[in-house]
Amino acid sequence: MLADRAARPAARQAGAPDRPEARIFHHSFAADALSVRAALRAALARFMRQMTRDEAGTLELVLAEVLNNIVEHGYGDNGHGTITLSMVRDRRGLSCSVSDDGVELPADCLLHADTVQDLRPQPDHLPEGGFGWFLIRDLAEDLGYHRSNGRNLLAFRLPLKPLEP
């Protein structure tokens with residue numbers, strides 16, 4: 001279930017500044033809609049006190065899009081599989097990685113924003129669905145994808161206001 005563990009710091013060097021340990025949120029769950037809901041609740045509960053209400057809303061939106069896309073398109077009717085979500089808060093924001101063993105992510109999902117600008121739906125002609133990757137690309141930074149040995153790894157960072165000391 002939820003394994004919220006403190007990351008083990010590297011051996012301290014003499015004179016190195018004392019910093020608080022980064023706590024890694026690590027959660028593996030079944031690739032189904034109810035498990036995605038539970039994972040979203042757990043992730044938000046873990047980081048809620050470290051972000052603004054707007055940042056929490058952005059986190060929920062991006063994670064919901066990513067995780068629901070994996071369930072719907074990565075596993076489809078199969079429904080058998082596991083998704084693993086790892087997140088850590090640092091000075092630059094919230095670094096997230098999501099891995100699964102569903103089908104490969106289509107290459108056009110990660111096209112650069114300039115490339116897909118012409119594909120962006122017009123607000124007065126909004127069809128149902130198809131906006132998730134636009135939202136993810138608009139709200140996340142350092143978005144990257146890699147597939148190896150039948151597993152997908154999607155990584156991104158959500159920029160957050162610096163933590164108060």
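A residue counts as exposed when its relative accessible area is over 50%, and as buried when that value is under 20%. With that in hand, the side-chain contacts of this predicted model can be walked through.

Start with the charged side chains. A search of the whole structure turns up three salt bridges. One of them joins D142 to R92, with the closest N and O atoms 3.2 Å apart. D142 sits in strand β5 (residues 141-148), while R92 belongs to the loop between β3 (82-90) and β4 (93-100), so this pair ties together parts of the chain that are 50 residues apart in sequence. As for the surroundings, D142 and R92 are both exposed.

Next comes the contact between R157 and E141, whose side chains meet in a salt bridge at 2.9 Å, N to O. Here, too, distant parts of the chain are linked: R157 is in strand β6 (residues 151-158) and E141 in strand β5, 16 residues apart. R157 has a relative accessible area of just 9%, so this arginine is buried. E141, at 33% relative accessibility, counts as partly exposed.

R157 also meets the side chain of D142 in a salt bridge, this time at 2.8 Å from N to O. Because D142 lies in strand β5 and R157 in strand β6, the pair ties together parts that are 15 residues apart in sequence. Put the bridges side by side and some partners turn out to be shared, which joins R92, E141, D142 and R157 into one network.

Now for the rings. A pair of aromatic rings is described by how far apart the centres are and by the angle between the planes. The structure holds one such aromatic pair. It is made by F25 and F47, with ring centres 6.2 Å apart and planes at 65°; an angle over 60 degrees counts as edge-to-face, so that is what this pair is. F25 lies in strand β2 (residues 23-30) and F47 in helix α1 (residues 33-47), so a strand and a helix are tied together by residues 22 apart in sequence. Both phenylalanines, F25 and F47, are buried.

F47 has another neighbour worth pointing out: R46 lies over the face of the F47 ring, at 4.5 Å from the ring centre. A similar arrangement turns up with F134, where R137 lies over the face of the ring, at 5.1 Å from its centre.

Key. Residues numbered from 1 in each chain as written. Predicted model: local features only at pLDDT ≥ 70, side-chain atom pairs only at ≥ 80, totals over all residues. Heavy atoms only, no water. Salt bridge = Lys/Arg side-chain N within 4 Å of Asp/Glu carboxyl O. Helix = DSSP H or I, 4+ residues; strand = E, 2+ residues; numbered from the N terminus. Buried < 20%, exposed > 50% of the residue type's maximum accessible area, 1.4 Å probe, protein only. Phe/Tyr/Trp six-rings, centres within 6.5 Å; stacked < 30°, edge-to-face > 60°. Lys NZ or Arg CZ within 6 Å of the ring centre and 35° of its normal.
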